[in-house]
Amino acid sequence: MDGKARKTDAGDVCIIIFMLILIALCILPIMNVVATSFSSPGAVMRQEVTFLPVEFQTGSFMDVLNDSRFMRSMAWTGILTGIVVVVNLFMTILAAYPLTYDSLKGRKIITLYIVFTMLFSAGLIPAFILFRDLNLINNPLVLILPGMISVFNMIIMRNFFMGIPDSLKESAEMDGGGPFTVLIKIYLPLSTPVLATLGLFYAVGRWNGFQDALFFLPSAPDWHPIQLLLYNILQNLTAVDAMDPGASAAPGWGQTVQSAAIVIAMIPILCVYPFVQRYFVQGATLGAVKG
């Protein structure tokens with residue numbers, strides 16, 4: 001180090017400006033939703049709310065929290081997300097670990113077959129017919145079984161495993177350890193970053209998912225996750241306002257309740273992220289080092 005500070009060139013300035021714009025595009029809509037949820041219906045109707053609450057109130061949050069349907073959906077989505085994370089990580093590990101062995105016959109063909117499923121999909125209608133024949137329509141298992149593994153995440157996991165020095169595996173095998181011993185005692189303890197990262201991917205994907213429930217649980221509202229419930233609430237309130245703008249308790253109250261429900265639904269994921277954030281960059285990058 002020569003002690004001289006690195007000069008900031010025009011390229012760095014452009015990157016900084018671009019990143020600031022990108023951050024603003026991500027944060028400002030959230031700030032608007034939060035401000036709307038804490039603002040009075042009158043202020044919302046007068047379009048006075050931007051990024052700070054106007055005529056602060058918390059009644060919309062009380063309405064949402066007192067809705068037993070909403071709280072039940074939140075609890076079910078939390079349980080569902082936990083199950084999905086555990087099952088998906090388990091299946092991802094089982095698929096990725098064998099592909100690290102050069103002695104596995106047909107490893108390249110198996111890998112090609114797995115990657116092929118990521119590039120091509122049959123579509124919604126064939127999937128619906130398949131799930132119908134498997135008796136998964138209106139069955140909560142349809143939210144778990146079809147997406148038990150992500151090929152992209154499996155490739156990240158496999159590449160991470162392949163980046164672990166072979167000497168560690170060989171030393172364990174010399175001590176009499178089999179493949180499962182190597183996996184449990186060597187690979188998994190060293191894979192905390194990638195496990196945390198993929199777990200976050202699976203959790204966010206399941207928590208924010210609603211299309212599978214929309215298509216495959218049409219007559220099972222008790223199993224609807226929180227995002228589908230929010231979707232239905234938004235659709236119903238929009239329809240009511242369109243037919244009779246004065247039907248709600250106060251003009252604009254529906255929009256504040258919508259925003260409050262969205263804010264409450266965001267809180268669990270926002271609480272989880274800080275605990276895995278320190279693993280996020282390391283896990284996402286190390287898994288892509290070795291192909």
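1. Glu-55 sits in the loop between helix H2 (41–45) and helix H3 (59–65). Its phi is positive, about 55 degrees, although the residue is not a glycine. Most residues other than glycine have a negative phi. Glu-55 is partly exposed, at 46% relative accessibility. The model is a predicted one, so the backbone at this position is a predicted backbone.

2. A second positive phi belongs to Asn-138, near 60 degrees, and this residue is not glycine either. Asn-138 lies in the loop between helix H6 (124–133) and H7. Its relative accessible area is 30%, which makes Asn-138 partly exposed.

3. Now the overall fold. The protein chain holds 13 helices and zero strands. Read from the N terminus, every element in the run is α. Of the 291 residues, 34% count as buried. Among contacts with a separation of 6 or more, 72% join residues 24 or more positions apart. The chain exposes about 17,500 Å², and 69% of that comes from carbon and sulfur atoms.

4. Which residues have the most contacts inside the largest nonpolar core? They are Tyr-97, Met-157, Phe-161, Tyr-187 and Leu-198, in a core of 24 residues. Four helices give two or more residues each: H4 (68–96), H7 (151–162), H9 (179–187) and H10 (192–208). H7 gives the most, with six residues. In soluble globular proteins, nonpolar side chains tend to be buried together.

5. Tyr-97 deserves its own point. Leaving out residues up to four places away in sequence, Tyr-97 touches Phe-161, Pro-179, Val-182, Leu-183 and Tyr-187. Phe-161 and Tyr-187 are also among the residues with the most contacts inside the largest core. A second core is separate and has 16 residues, including Phe-70, Met-74, Leu-229 and Ile-269.

6. How do H7 and H10 lie relative to each other, roughly parallel or roughly antiparallel? Two packed helices are described by the angle between their axes and the distance between the axes. Here the axes come within 11 Å and cross at roughly 175 degrees. Angles over 145 degrees count as roughly antiparallel, so H7 and H10 are roughly antiparallel to each other. On the H7 side the contact is made by Asn-153, Ile-156, Met-157 and Phe-160. On the H10 side it is made by Val-194, Leu-195, Leu-198, Phe-201 and Tyr-202. Met-157 and Leu-198 appear again here, having been listed among the residues with the most contacts in the largest core.

7. Asn-88 is in helix H4. Is this residue buried or exposed? Asn-88 is buried, because its relative accessible area is 2% and the limit for buried is under 20%. Not counting residues up to four places away in sequence, Asn-88 touches Gly-147, Met-148, Ile-149 and Tyr-202. Tyr-202 also takes part in the contact between H7 and H10.

8. Val-64 is found in helix H3. With 5% relative accessibility, Val-64 counts as buried. Val-64 and Ala-261 are 197 residues apart along the chain, yet their C-alpha atoms are separated by 6.2 Å. Ala-261 is also one of the residues that Val-64 touches. The others are Phe-70, Met-71, Val-257, Ala-260 and Ile-264, not counting residues up to four places away in sequence. Phe-70 is included in the second core.

9. Val-204 is in helix H10. At 27% relative accessibility, Val-204 counts as partly exposed. Val-204 and Val-272 are 68 residues apart in sequence, with their C-alpha atoms 9.8 Å apart in space.

10. Last, the cysteines. A disulfide is a covalent bond between the sulfur atoms of two cysteines. How many disulfides are there? The count comes to zero, with sulfur atoms within 2.5 Å as the requirement. Cys-26 is partly exposed, at 48% relative accessibility. Cys-271 is partly exposed too, with a relative accessible area of 45%.

Technical notes
Residues are numbered from 1 along each chain as its sequence is written. This is a predicted model: local features need pLDDT of at least 70, side-chain atom pairs count only at pLDDT 80 or more; totals for chains, interfaces and linings use all residues. Side-chain values use heavy atoms; hydrogens and water are left out. Buried means under 20% relative accessible area, exposed over 50%, partly exposed in between (1.4 Å probe, protein chains only). Contact means heavy atoms within 4.5 Å. Accessible areas come from the Shrake-Rupley method with a 1.4 Å probe; for residues, only the protein chains shown count as cover. A nonpolar core is a set of buried Ala, Val, Leu, Ile, Met, Phe, Trp, Tyr and Cys residues joined through side-chain atoms within 4.5 Å. Axes are lines fitted to C-alpha atoms, for helices over the stretch in contact, and angles run from 0 to 180 degrees between N-to-C directions. Angles under 35 degrees count as roughly parallel, over 145 as roughly antiparallel, 65 to 115 as roughly perpendicular and the rest as oblique.
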